[in-house]
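Here are my comments on the model you sent round. Please read them with the structure open.

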Amino acid sequence: VERTRGEEAAPAPPALGSDDRGRLGLFELFVVFVKAGLAFGGGLGILAVLEDELVKKRRTLSPEEFLAVYGIGRVIPSGTMTALTIAYGSRFAGLLGTVVALTGMVLPAFVLTVLLTAGYGYLREGALFEVLPITILPAALAFILVAALRLGKHVFRPGFDLILAAAAFVGSYAVGLNTALLLVAGGLAGLLFFRGDRRA
Amino acid sequence: MSLYELLGLVFTFNVMTFGNGPVMIPLLQESLVEQRGVLSQDQLLYAFTIARVTPGQANVYVASIGYMLFGLPGAILTTAVILLPGYLMLPALRLYRRFSAAGAVRGFTRGLTSASVGLIFAAVVNIARTSLDSWIPWMVFLVTLALAQLLKLNPIISLAVAVALGLGLRFLAGL
């Protein structure tokens, strides 16, 4: 039911990073990325907002494409969210879009950082530093989990996808293996296992 | 130390750590506090504390260091140099697109996305271990999760409830 967008482009895989711009003007792009930049919880908090805005609400991206861009973004040495911001800025509005999206993304953190630095001394003992860990930060974690559950929906059923996800989880969390290594290993395993699978 | 030197250091450390803000701290500590002595230990810690209480990317705290040493231009330029390497994403995507029609790449992508889901969950558990360090954040986390996941409540309303709950519980715990 959710595959209607994919069917138009069939049999090609998701139009990753394609020049298919549209549906998002510069201003809307800016608004989406300011919202993302306002998210707490670091990169995953930002990811949760982008998933909500671009995949769930606007349906401009399929969950599969969103996850694939995320996987590629993780191996870019700038921070994953910077890479995603540039990918989507470019996709929806070209090179100017990357500047607009990046500006929106860093604006909230930048303005607050400069203000708090300028207020160095006044704020050192501030109540803000005490209150955030028991209010906004645990709430942000809950939002992240909700987005992660939604993104992983197609993975959470018996099958090789689930095995791969579980292996990556264990490799990262319990063994502490390098992220890029795990992604490439997951890709290679998928390449071998899903060979000839038309749905892949 | 010149502004260019600071920008060079921040750029290098950011690339070395793949934009991981917390991992950059020991590198900045060694080069700015210990070797060059341009920043005090307290200043660096303050910059990092800001990173934890501001929204958005966790490496934007370098703007705080830029501001301390060179004012607003320092803040703007240090932020710009941590974003710049992200443009490598564009050739990476182009490369991917060129090969994505091949069936092998489709299998690779599916494996990559499944592994991504596992990595996201690993990161969630990692954050949970450090941030859910007592019963109050646990309660706030679980209630927000129930509101957002089960009741599908609007994030703003869920967030407002979470803040009220956290403050309320702290007040009660202090009685």
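The points below go from the fold of one chain to the interface, then to the charged pairs and a few single residues.

1. Status of the model. This is a predicted model, and the comments below should be read with that in mind.

2. Fold of chain A. Chain A has 9 helices and 0 strands. Read from the N terminus, its elements therefore run α-α-α-α-α-α-α-α-α. Of the contacts in chain A with a separation of 6 or more, 64% are between residues 24 or more positions apart.

3. Burial and surface of chain A. The chain has 200 residues, and 52% of them are buried. The area that chain A exposes is about 9,000 Å², with 65% supplied by carbon and sulfur atoms.

4. Extent of the interface. How many residues of chain A are in contact with chain B? The count is 101 residues of chain A, against 83 residues of chain B. The size of an interface is often given as the accessible area lost when the parts come together. For chain A and chain B the buried area is about 7,900 Å². Carbon and sulfur atoms give 77% of that area.

5. Polar pairs and the chain A side. Across the interface of chain A and chain B there are 9 residue pairs in polar contact, with both residues at pLDDT 80 or more. On the side of chain A that touches chain B, the elements giving two or more residues are helix 3 (42–57), helix 4 (63–73), helix 5 (80–118), helix 6 (128–131), helix 7 (136–151), helix 8 (160–173) and helix 9 (179–193) of chain A. Helix 5 of chain A gives the largest share of that side, 22 residues. Sorted by class, the side of chain A that touches chain B holds 69 nonpolar, 23 polar and 9 charged residues.

6. The salt bridge between the chains. Side chains of opposite charge can pair when their charged atoms come close. Across the interface of chain A and chain B the rule finds 1 salt bridge. Which residues form it? Arg110(B) pairs with Asp161(A), and their closest N and O atoms are 2.8 Å apart. Asp161(A) sits in helix 8 of chain A and Arg110(B) in helix 6 (residues 103–131) of chain B, so this pair joins two chains. Are the two partners buried or exposed? Asp161(A) has 6% relative accessibility and counts as buried. Arg110(B), with a relative accessible area of 14%, is buried as well.

7. Charged network in chain A. One network of salt bridges with shared partners joins Glu28(A), Lys35(A), Glu51(A), Asp52(A), Glu53(A), Lys56(A), Lys57(A), Arg58(A) and Arg150(A). Over all chains the salt bridge count comes to 11. Within the network, Glu53(A) forms a salt bridge with Arg58(A), with the closest N and O atoms 2.5 Å apart. Glu53(A) is buried at a relative accessible area of 3%, while Arg58(A) is partly exposed at 24%.

8. A second pair in that network. Lys57(A) and Asp52(A) also meet in a salt bridge, at 3.7 Å from N to O. The cut-off for a salt bridge is 4 Å, so this pair is counted. Lys57(A) is exposed, with 51% relative accessibility. Its partner Asp52(A) is buried, with a relative accessible area of 15%.

9. Thr144(B). This residue is in helix 7 (residues 135–150) of chain B. What does Thr144(B) touch, not counting residues up to four places away in sequence? Its contacts in chain A are Ala139(A), Ala142(A) and Phe143(A), and in chain B they are Ser158(B) and Ala162(B). Thr144(B) has 1% relative accessibility; the limit for buried is under 20%, so Thr144(B) counts as buried.

10. Backbone angles to check by eye. Phe18(B) is not a glycine, yet has a positive phi of about 55°. Phe18(B) lies in the loop between helix 1 (3–16) and helix 2 (21–35) of chain B, and is partly exposed at 39% relative accessibility. Lys152(B), also a residue other than glycine, has a positive phi near 55°. Lys152(B) is in the loop between helix 7 and helix 8 (155–174) of chain B, and is exposed, with a relative accessible area of 62%.

Conventions
Residues numbered from 1 in each chain as written. Chains lettered and ligands numbered in written order. Predicted model: local features only at pLDDT ≥ 70, side-chain atom pairs only at ≥ 80, totals over all residues. Heavy atoms only, no water. Contact = heavy atoms within 4.5 Å. Buried area = accessible area lost by both parts, 1.4 Å probe. Salt bridge = Lys/Arg side-chain N within 4 Å of Asp/Glu carboxyl O. Polar contact = N/O pair within 3.5 Å; in protein donor to acceptor, adjacent residues only side chain to side chain. Helix = DSSP H or I, 4+ residues; strand = E, 2+ residues; numbered from the N terminus. Nonpolar A, V, L, I, M, F, W, Y, C, P; charged D, E, K, R; others polar. Buried < 20%, exposed > 50% of the residue type's maximum accessible area, 1.4 Å probe, protein only. Areas by Shrake-Rupley, 256 points an atom, 1.4 Å probe, with all protein chains shown as cover.
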